[in-house]
Each structure stands twice: as structure tokens, then as C-alpha cells.
Amino acid sequence: MTDTAITIVASAQPAARGWVSRLRGKRLPWISLAIFALIIIAATGGEAIAPHDPNELNLAAAFRPPSWESGGSLDYLLGTDNLGRDILSRIIAGARVSMITSFYAIVLAGGIGALAGMVAGYFGKFVDTLIMRIVDIQMSIPALALALMIAAVLSPSLSTVIVVISLTYWTWYARIVRGEILSLKERDYVALAKVAGVSTPMIFFRHLLPNIMNTLLVLASLQVGQVIIFEASLSFLGLGIQNPDVSWGLMLADARNYITNAWWAITLPGIAIMLTCLSANLIGDWLRDTFDPKRRQL
Amino acid sequence: MWGFIGRRIAHSIISIIGASILIFVVSRLSGDPAALLLPADAPQSALIAMRKTLGLDLPMWRQYLMFAGRAITGDFGQSYSWQMPALMLVLERVPATLQLALSALLFSVLISVPLGILSAVHRGGWIDTFGKSFAMLGQAMPGFWVGLLLILLFSVRLNWLPAFGSGGASHLILPAIALGWYPVAAQMRVVRSAMLDVLESDYIRMGRSIGAPERTLIWKYAFRNAAIPLVTVLGVYFASMLGGAFVIEVIFAWPGLGRTVVDAVFARDFPVVQAGVLFTSILFVVANLLVDLSYGLIDPRIRHHD
């Protein structure tokens, strides 16, 4: 991966065109937005809508199939697992972990990456070389390998997962933001601000940051799906979220042990992951086409 | 050209050194790295000896140099769950991982290339729509879940293929599909857009106007040129499959590097974790290096001038 690949000319859209007029032209991905809204509702108000406590054991009701299968009941709409826990309630509870992880991981990764990219692009020279070399090194360790290593040293938990994921993804932001800053800093208004004696942090936050916000937003939305899959993989391996917290990856790991008894336990949490990622990706694509049409290839 | 190769190799070496520094730093996060490197029931005397070997009373940079020195001579310590040198164990498992990654690559090419070409040729047709939907779905399904679904369908329900272990080709099919699943979507998009570009070019139109058969034009002339961007993407995905086969190897109990490292994490067998992660990074860096160097070989139009 060469630097030229990410040197992208900054957007030159006329400022007069507001959000509203830009939004109007494109067809909104309604279905994706609806699914994503559902997941956010599940993540924030899960207890209120879940029919059961996600950790409530009921051995008498173990391996209950989904309601539409013979032997299923409306009491357990999507069936139960080996301990008689309600799958639907656990999927709802799992939404929270997925949303918390992706929110914090992306904010952290985006914050670190954007700052590193701005500093590298703005100051150039030695600082630039140093930061970009660190980015290269970071990218040369496969993400899961690094996660395993950290999990081997620290005990796995939600916060470790967030740290590991942010450590993996900040490099993306750093590379792309640096490319944008390289051209932004040549603009007249930046030069004028400098001449006028505006302090460097002020230039960063008042003049540069607003110009890379669209890029950050698009990148972040495109990463939601990847982050959710990453968290699920870590939890599946037993190195992410731990019982009694509920995560879709952890549900799949449990279900793997009784794959011969309950097909629903292994398919349904996966469908939750798939629908979340699919809707996040489609929303991300739409945001990119709307706000950043030059980055279609991402 | 030679200057480019030299620079690229130097970058790779710096990356590997950087990876080793990162691994070193993470290993020191726990407080007592000597305890990490020894079994939990190690006697006090062994602990003291290990602290001395690691040089824990020395400044950090000297500790790192000692670590790097031992790593270069292949001394990562003794694996305490397998009772053999950690590096030996890791090296033993590399061929299985390579075999799996190559099979996954083969699978992904077999699906993505025809689908990509057909999507480009019948642009806007049903196969193009199918390809697009397939790519969208493919990127939203975690490979390990695909693996579980494959086991559910082909091993549990139909009883056609073994669910785990290694042996004949039949053991390779399911893990290869699961590992090759994710790259299919990206590769298909690359083939499709490259084919669209090439099909617009003058020499294809020329060929068409002199009456060359469409089949020959597409497969012989157009695809050869469209294959160049594909090779780049293939290399990148091959590298990431070498470094990302952990979950798939665990699901299918494939005796490769990834599963060994995961097992070692749970056995708290830190020497193996260290050696395995460093080795995975080296494989990853070398694969990426080879991709970059191959540009010039594949496409004579690209030359690296200094």
C-alpha cells in the first residue's frame, strides 16, 4: 500500500449547498435505517422490550425450537438455548454490547487517528515520517494476532475489546486524514489564519477539523460493520465479552457446542450480526455517495 | 528498479522490528513478564533465573535488545504445554496454515473471477444484480459464522463432509470456503470494474470489428488485462488470510498456526503466543512485500524508476 493511493484531493463543494439540498437528491436507504433504528432501540431500551431476562435459566424449557416449528411456543418466540435462556431476549441484550463496542471503539480510533493524521499532515517532515512509520508498523501486525497477544497478557473484558479494536482501526483515519490535510493546509484561509496569529490548536479545531468532518463521518459509518464482526470474532474465541454479559459472538460460541441439537441457536444470532452489518454498510455507502462522492472506491 | 526493491525490503525489515517492539511492550504490560514465561507452578528459583535471563533489572531498551537477540537466534523459550521449543512448534504448524490459505485463495478466485466477468459482460442484467447482492451479503457475514453454517448444513444435516480435523481433501473444503468467503466480494468487484474498463478499450472494439468471436475477446484478450488489479488484491487478501485464520482454524480444529496460538493463549503458554504472533506478522509482511515487488513482473508497463 503506497502513500499515493490515499492522497486524495480535498472536497471543493460549494459551501452554499446545505445538508438538506444534498440529502434530497439521493434515495434514502429506508429499510436499512429502519433496521438500524430497531437495533439502537434494542441496545438502549433492551430490558423493557425483551420478553425474558437474558440470563434467566429455565432447564425445563431447554432446546425449545422457535415458535413456528413444531414444539415451539409463543412464550419463546425464537426458541431457547441449552440452559433454557430465551434467544430473542439474548439477541436484544447482545445489541447493547455491539453498539457500545462500535461506538466507543470508533470514537476512540477516529479521535486518535484524526489527531495523528492532522499532526502528521500539518507539521510534515520528521513528525510526518515518524507517525506514518508507526502506522505502517501497526498495519504489519494482523489485528487478531495483536488482540490475542493483548488478551494473553490482560484479562479479556469489554474495555480490553474496545482498546484492541481502536488500536487496530486508528491507522485508517490517520492515513486518510493526513492525505486531506496535506492539501488543506495549502489553502489561503489556513495561510491567512497563520499570518493573523491564530494559534495552532485553533487552526486545527476551527479551520481544519470542520473540513475533514465529512470524511470522518463516512469512514466511521463504513467501519461499524467491521467493528461488530471483529468484536463477535473476539468474543467467539472467548477473548472478548465474558459471561454473564451477552454478546452475539459469545452466543455463537455457546451454540457451537450443541450444533447438532439446536440449529436456531447457531443461525439466529448470526442473522442479527448480518442484518446489523448489512444495514450499517448500506447506510455508510449512502452517506459516502451523499457527502463524499469522490471516495466511491472505499 | 533495484532502488525500489531495496527500499521496499528495508521498509519490511523496519516493520518486522516494529512488530517485535510492539510484542515486547505488550509482554511487559502484565507487570511480571517472568511469571508469564513460566508455568504457574514454577519454583521460586526458576522465577529468579528467568528474571535474570530477561534482564528485568536493566533499562527497557537493553531488555528489548536482549529479547531481539534471543528472537533472532530463534530462542523464544520453552513451550510448557507442548514440552518443546516454542519456535519449533510454531514452524511445525506453518505448512497447515499455508495449505488452508492457498485453498481458500483458490476457492475465492474460482467464484469471484467468473462472477465478476459475467457481471461486467452482462452489465445491469440479472447476474450483475445477483453479484451485487452477493457482495453486499458476503461482506456482512462473518467468516466464522459462514463456517458454522457450513458445518450445520454439510456435516450435521447432510453428513457429506467432516466437520473438523485434517486429513484428505474433504477436510479442506469447508474451512477453505469459510476462510475464502470474505475476499470473494471484494475480488468480484475488482474483476468487474477492471473488465468494464478493458471492454471499453480500443483494442477490444477493434477485435470486435474484425469479427473475432466474443468468447475469445472476453476470456483471452480482455481478462488478461483485467487480471492485473486482481493479482494485487489477491496478494493483499492472501496475506490477511495468513494472519487472520485464527477463528476458522479454531472452528474446524485445523492444526495450523492460528489455532496453536489461540490454544496457547488459553493454556497461558506465553512463549508460544509470542513466537506465534511474531511469526504471523513476519508471514504477513513478507506476503505484502512480494505483492508489491510483483507489480513490475506482472505488468511490464509498470516500472519502478528512481
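A:Tyr104 sits between the extremes: its relative accessibility is 46%, so it counts as partly exposed. Keep in mind that this is a predicted model.

**Ring pairs**

Right beside it in the chain, A:Phe103 has a relative accessible area of 52% and is exposed. The cut-off for exposed is over 50%, so A:Phe103, at 52%, lands in that class while A:Tyr104, at 46%, does not. These two residues also pair up through their rings, edge-to-face, with 5.3 Å from centre to centre and 85° between the planes. Counting over all chains, the structure has eleven aromatic pairs.

Chain B offers another of these pairs, B:Phe130 with B:Phe134. What makes this pair stacked? The planes of B:Phe130 and B:Phe134 are at 25°, and planes under 30 degrees apart count as stacked. Their ring centres are 6.0 Å apart. Both residues belong to helix 6 of chain B (residues 126-140), and because they are four residues apart, about one helical turn separates them. B:Phe130 is partly exposed at 44% relative accessible area, and B:Phe134 is partly exposed at 23%.

Here are the two pairs side by side:

| Ring pair | Centre to centre | Angle between planes | Type |
|---|---|---|---|
| A:Phe103 and A:Tyr104 | 5.3 Å | 85° | edge-to-face |
| B:Phe130 and B:Phe134 | 6.0 Å | 25° | stacked |

Back in chain A, there's also a ring cluster: A:Tyr122, A:Phe123 and A:Phe204 are linked by ring pairs.

**Nonpolar cores**

In soluble globular proteins, nonpolar side chains tend to be buried together. Here, the largest nonpolar core contains 175 residues, and A:Leu208, B:Met195 and B:Val273 have the most contacts inside it. Which helix gives this core its largest share? That's helix 8 of chain A (residues 200-237), with 18 residues.

B:Val273 is worth a click in your viewer. Setting aside neighbours within four places in sequence, B:Val273 touches A:Met149 and A:Ala152 in chain A, plus B:Val261, B:Ala264 and B:Val265 in chain B.

There's a second core, separate from that one, made up of five residues. Among them are B:Ile127, B:Ala135, B:Ala185 and B:Met188.

**A serine in helix 6 of chain A**

Is A:Ser166 buried or exposed? Its relative accessibility is 2%, so A:Ser166 counts as buried. This serine lies in helix 6 of chain A, which covers residues 158-184. Apart from neighbours within four places in sequence, A:Ser166 is in contact with A:Ala105, A:Leu108 and A:Ala109.

Definitions and conventions. Residues numbered from 1 in each chain as written. Chains lettered and ligands numbered in written order. Predicted model: local features only at pLDDT ≥ 70, side-chain atom pairs only at ≥ 80, totals over all residues. Heavy atoms only, no water. Helix = DSSP H or I, 4+ residues; strand = E, 2+ residues; numbered from the N terminus. Buried < 20%, exposed > 50% of the residue type's maximum accessible area, 1.4 Å probe, protein only. Contact = heavy atoms within 4.5 Å. Phe/Tyr/Trp six-rings, centres within 6.5 Å; stacked < 30°, edge-to-face > 60°. Core = buried A, V, L, I, M, F, W, Y, C linked by side-chain atoms within 4.5 Å.
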